[in-house]
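Please look through the structure below together with its sequence, and then read the report that follows, which moves from one pair of strands to the chain as a whole.

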Amino acid sequence: MHNPYLPYPVRIESVVTESEDRNQKTFRFVFVNPEDEARFKYMPGQFAELSIPGLGEIPIGIASSPTEKGFIMFTVNKVGKVSTHLHNMQAGDIMGVRGPLGNSYPWEILEGKNVVIISGGFAFTTLRSSIVYMLDPANRGKFGKIDVVYGARMPGLLLYRDELATWEQRDDINMHITVDGTSDPNWKYNVGFVPAVTKQKAPSAENAYALICGPPIMIKFTLPVLTELGFAPDRIISSLEMRMKCGIGICGRCNIGTEYVCKDGPVFTLEQLAQLPSEY
Ligand SMILES: Cc1cc2nc3c(=O)[nH]c(=O)nc-3n(C[C@H](O)[C@H](O)[C@H](O)COP(=O)(O)OP(=O)(O)OC[C@H]3O[C@@H](n4cnc5c(N)ncnc54)[C@H](O)[C@@H]3O)c2cc1C
Ligand code: FES
């Protein structure tokens, strides 16, 4: 049996600087041992611990989709010790990935439903995974309408800009890209905060689930909009980012009440979160 504390060795295949402020980079990893890729079975919403020998591990949402074969992908915001070290690494370097960890979005429940995705800033990572997963030709027929409201402070801070432009062209996904403000005369999408754009586009709550990830302030002001649109608390799904260590429900670092965010989450419905002490 694979030791859950032991990272799989991976080689950095490519590094893409996502944002104009250079604080977010996307890393594509290839497993050094092909049999490890077969073991690393994941679904959108899960995360992994990125492991730098001698320095530490950080929990990061998996940004690739299981429908994308041959690599796994993570987008990392540079904030501290491990993420800064990672930002200084290059294609060809070897490091570790431990996982996949945590639960995923509830894909069996989402099948046959309309899906509304709402996100802001660099929390879009596991939702990028979800979009790629649902748009895969083998999966697109399993889901109804897909609406996406995704915003950033300015155009240069949006992640995955080439993919956003491609999805904009498709008629089987409704993209509502927005920025808080811009002086770019060629900007052709929305201008406005995510809650306001959600209210304006008013995606229907009928037979729908909303997946929402982003800065707490964005979530705070978007939840009343979703409620007004008719989304019940058990149909609003979010992902929590707590400080973690083991990632497998043993060390007790990440618990909220009786729930371990690393094992029982990080994905929870609003209904589930309402039952927990407000420590997050
Ligand atoms: C399930 C999950 C998924 C995540 N997905 C992503 C992702 O896709 N991309 C991404 O960039 N980040 C993600 N994070 C956050 C990421 O884990 C932290 O930014 C990272 O651990 C920071 O490590 P560091 O060593 O660089 O910083 P440190 O040196 O440990 O800390 C630097 C600063 O960041 C703060 N910090 C550290 N960890 C966290 C945390 N978990 N939450 C909030 N603040 C923190 C510290 O308080 C300190 O101010 C996720 C976290 C969780 C739990
Ligand atoms: S991180 Fe150890 S129990 Fe969750």
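## A pair of parallel strands

In this predicted model, Val116 stands opposite Asp147, a residue of strand 8. The two strands concerned are strand 7, which covers residues 114–120, and strand 8, which covers residues 146–152; they run parallel and are joined by six bridges. As background, the strands of a sheet pair through backbone hydrogen bonds, and this pairing can be either parallel or antiparallel.

## The sheet and the helices across it

Strands 7 and 8 belong to an open sheet of seven strands, whose order is 10-9-8-7-11-12-15 and whose pairing is mixed. At the edges are strand 10 (190–191) and strand 15 (267–269), each of which pairs on one side only.

Helices lie across several of these strands. Helix 5, made of residues 161–169, lies across strand 8 and strand 9 (174–179), and its direction is at about 135 degrees to that of strand 9. Helix 7, made of residues 216–229, lies across strand 7, strand 11 (208–213) and strand 12 (236–239), running at about 165 degrees to strand 11. In the chain there are eight helices and 15 strands.

## Two nonpolar cores

The largest nonpolar core has 37 residues, and those that touch the most other members are Tyr105, Ile117, Phe124, Val148 and Trp167. Two or more residues come from each of helix 3 (107–110), strand 7, helix 4 (125–135), strand 8, helix 5, strand 9 and strand 11, with helix 4 giving the most, namely six residues.

Which residues does Tyr105 touch, not counting those up to four places away in sequence? Among them are Pro44, Leu110, Leu127, Leu211, Ile237 and Val267. There is also a second, separate core of 22 residues, which includes Phe27, Ile52, Ile62 and Val82.

## The chain as a whole

With 280 residues, a compact globule would be expected to have a radius of gyration near 19 Å, and the 18 Å of this chain agrees with that expectation. Taken along the principal axes, the box filled by the C-alpha atoms is roughly 50 × 45 × 35 Å.

Buried residues make up 49% of the 280 residues, while the chain exposes about 13100 Å², of which carbon and sulfur atoms supply 52%. If one considers the contacts between residues at least 6 apart in sequence, 68% of them join residues at least 24 apart.

How values were computed:
Residues numbered from 1 in each chain as written. Chains lettered and ligands numbered in written order. Predicted model: local features only at pLDDT ≥ 70, side-chain atom pairs only at ≥ 80, totals over all residues. Heavy atoms only, no water. Pairing = 2+ DSSP bridges. Helix = DSSP H or I, 4+ residues; strand = E, 2+ residues; numbered from the N terminus. Contact = heavy atoms within 4.5 Å. Axes fitted to C-alpha atoms, helices over the stretch in contact; angles between N-to-C directions. Rg over C-alpha atoms; globule rule 2.2 N^0.38 Å. Buried < 20%, exposed > 50% of the residue type's maximum accessible area, 1.4 Å probe, protein only. Areas by Shrake-Rupley, 256 points an atom, 1.4 Å probe, with all protein chains shown as cover. Core = buried A, V, L, I, M, F, W, Y, C linked by side-chain atoms within 4.5 Å.
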